[in-house]
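Here's a quick tour to read with the model open beside you. Keep the viewer handy and click along as we go.

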Amino acid sequence: MYPAPSATFLKALTHSHVLASRVELHWPSGKVDVLPHTGGQVTADRGQAVRRTARIDLADPAWLPYTAQEFLDIAGCRVRVLSGIHHPGWDRPELVPIFTGRLDGLEGDPDIGPVTLTASGLESFLVDDKFTEPYSTRGATAAVTSIRALVQGVLPDAIVTATAPDTALGARTWDVETEKWTAVQEIATAVGADVFADVDGIFRVEPLPDLLTAPVAWEVAAGEGGALISVTRGWSRAGLWNAVLARGENTEEGTPPVTGYAEDNDPTSPTYVGGRFGRVVKFHSSPTLTSSSLAQGAANKLLADGKKAAYTADISSLPNPLLEPGDVLRAKHGSGRRSLYQIQSLTIDLSPGGAFDVALIGGKEDA
């Protein structure tokens, strides 16, 4: 969860307040324009290669480029979106960043507007930039070192931080036309980590918090004084697996084949491999896995991803712009029962009184 800007911020979310947001356009020259907007939304989804996207509604048609050159000039800009609240009696809103990314497009009526601005997270640059010749990590095979080299090879000024280990991996060569972001994600998987660009545009390489051990980021409760508006709970097999076989064989370095296997062996789990759910196996193969421990780590990470959707919920609540995909959330239902979930995706509406929709995975009852 993004740090709260003050001790009063979270408390104010469940009391009378007015939503506020600001959209900034950052030019290569350093100039910053504040874009008056009438609405829009920011979506963050851990299941997408580009984690955050934005759509902004602008009333002024002057923001719609007239020529191709005008669009190319503005296409070099970065978009930054902030969201927060007006505290009663305060002379300015309290805002936190919810998006930093590149401007992708502008569309609308050139005479009367409105204009719709679309933007995507900085991962988009590595999705678009594909290898034009075979690329090898030989000489820089440590995981975080390799990721940093790939990211900064595309975005020289990018900041890359990591809490995942900078483990030495086997050399890996990717073919021409492979997306550089695909290579980055494969390396992160080898050390059991996620990689993404955050709300400040910083690339982060870190393990996903464990639902069973991570602290609760926020409690959303039903009833008076609570933030929970509605909840829909469900269960689906879609996208589930309960066993993973990870394999590695590096012909470049001549290392012998290695494997790692992980399965849901908890008899109380709804995805228990020996239960009525059945056995669903996912296979993963990468030359970066050159030891049994690396292969086992990749299998463990993929298993954690694959069985979390066993219990899902979609909630609508009062907006909390501090939350991130991966955060653990406690839902306190009107019946008094409490459940723990992990955030898979969220959407923040920038309209006054806008909705806040959250898709949750990996639910479990909380005593």
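Pro114 sits in the loop that runs between strand E6 (94-108) and strand E7 (115-121). The peptide bond leading into Pro114 from Gly113 is cis, with omega near -5°. Bear in mind that this is a predicted model, with a mean pLDDT of 86 for the protein.

**Backbone oddities**
- Most peptide bonds are trans, and most residues other than glycine have a negative phi.
- Besides the cis bond from Gly113 to Pro114, there's Glu177, which is not a glycine yet has a positive phi of about 85°.
- You'll find Glu177 in the loop between strand E10 (173-174) and H5.
- Is Glu177 buried or exposed? Its relative accessibility is 62%, so Glu177 counts as exposed.

**Overall make-up and confidence**
- The protein has six helices and 21 strands, and 47% of its 367 residues count as buried.
- Take the contacts with a separation of 6 or more: 69% of them are between residues 24 or more positions apart.
- A pLDDT of 70 or more is reached by 89% of the residues.
- Confidence peaks in helix H3 (residues 123-128), at a mean of 97, and bottoms out in strand E18 (residues 312-317), at 64.
- Where pLDDT is low, the predicted coordinates should not be read in detail.

**The three-stranded sheet**
- Three strands make an open, mixed sheet in the order E9-E12-E11.
- Strand E9 (160-162) and strand E11 (194-197) are the edges, each pairing on one side only.
- On average, neighbouring strands here are turned by 15° against each other, direction ignored.
- E9 pairs with strand E12 (residues 203-206) in the parallel sense, over three bridges; Thr161 has Arg204 in E12 as its bridge partner.
- Helix H5 (residues 180-190) packs on this sheet, where it touches E11 and E12, and its direction makes about 140° with that of E11.

**Strands E15 and E16**
- E15 and E16 run antiparallel and are joined by six bridges, with Arg247 standing opposite Thr259 in E16.
- In a regular strand the side chains alternate between the two faces of the sheet.
- E16 does just that: Val258, Gly260 and Ala262 point to one face and are buried, whereas Thr259, Tyr261 and Glu263 point to the other and are not.

**Helix H6**
- How far apart are the end C-alpha atoms of helix H6 (residues 292-307)? They are 22 Å apart, which agrees with the 22 Å that its 16 residues should span at 1.5 Å a residue.
- The buried residues of H6 are Leu294, Ala295, Ala298, Ala299, Lys301, Leu302, Leu303 and Gly306.
- What do those buried residues pack against? Their partners are H5, E11, strand E15 (243-248), strand E16 (258-263) and strand E17 (281-285).

**The nonpolar cores**
- The largest nonpolar core has 40 residues, and Leu126, Ile147, Val151, Val184 and Phe203 have the most contacts inside it.
- At least two residues of this core come from each of H3, helix H4 (143-154), H5, E11, E12, E15, E16 and H6.
- Leaving aside residues up to four places away in sequence, Leu126 touches Leu150, Val151, Val154, Leu155, Glu179, Lys180, Trp181, Val184 and Phe203.
- Another core, of 39 residues, lies apart from the largest one; Ile74, Val96, Ile98 and Leu322 are among its members.

How values were computed. Residues are numbered from 1 along each chain as its sequence is written. This is a predicted model: local features need pLDDT of at least 70, side-chain atom pairs count only at pLDDT 80 or more; totals for chains, interfaces and linings use all residues. Side-chain values use heavy atoms; hydrogens and water are left out. Two strands pair if DSSP finds at least two bridges between them. Helices (H or I, at least four residues) and strands (E, at least two) are DSSP runs, numbered from the N terminus. Axes are lines fitted to C-alpha atoms, for helices over the stretch in contact, and angles run from 0 to 180 degrees between N-to-C directions. Contact means heavy atoms within 4.5 Å. The expected span of a helix is 1.5 Å times one less than its number of residues. Buried means under 20% relative accessible area, exposed over 50%, partly exposed in between (1.4 Å probe, protein chains only). pLDDT is the predictor's confidence in each residue, from 0 to 100. A nonpolar core is a set of buried Ala, Val, Leu, Ile, Met, Phe, Trp, Tyr and Cys residues joined through side-chain atoms within 4.5 Å.
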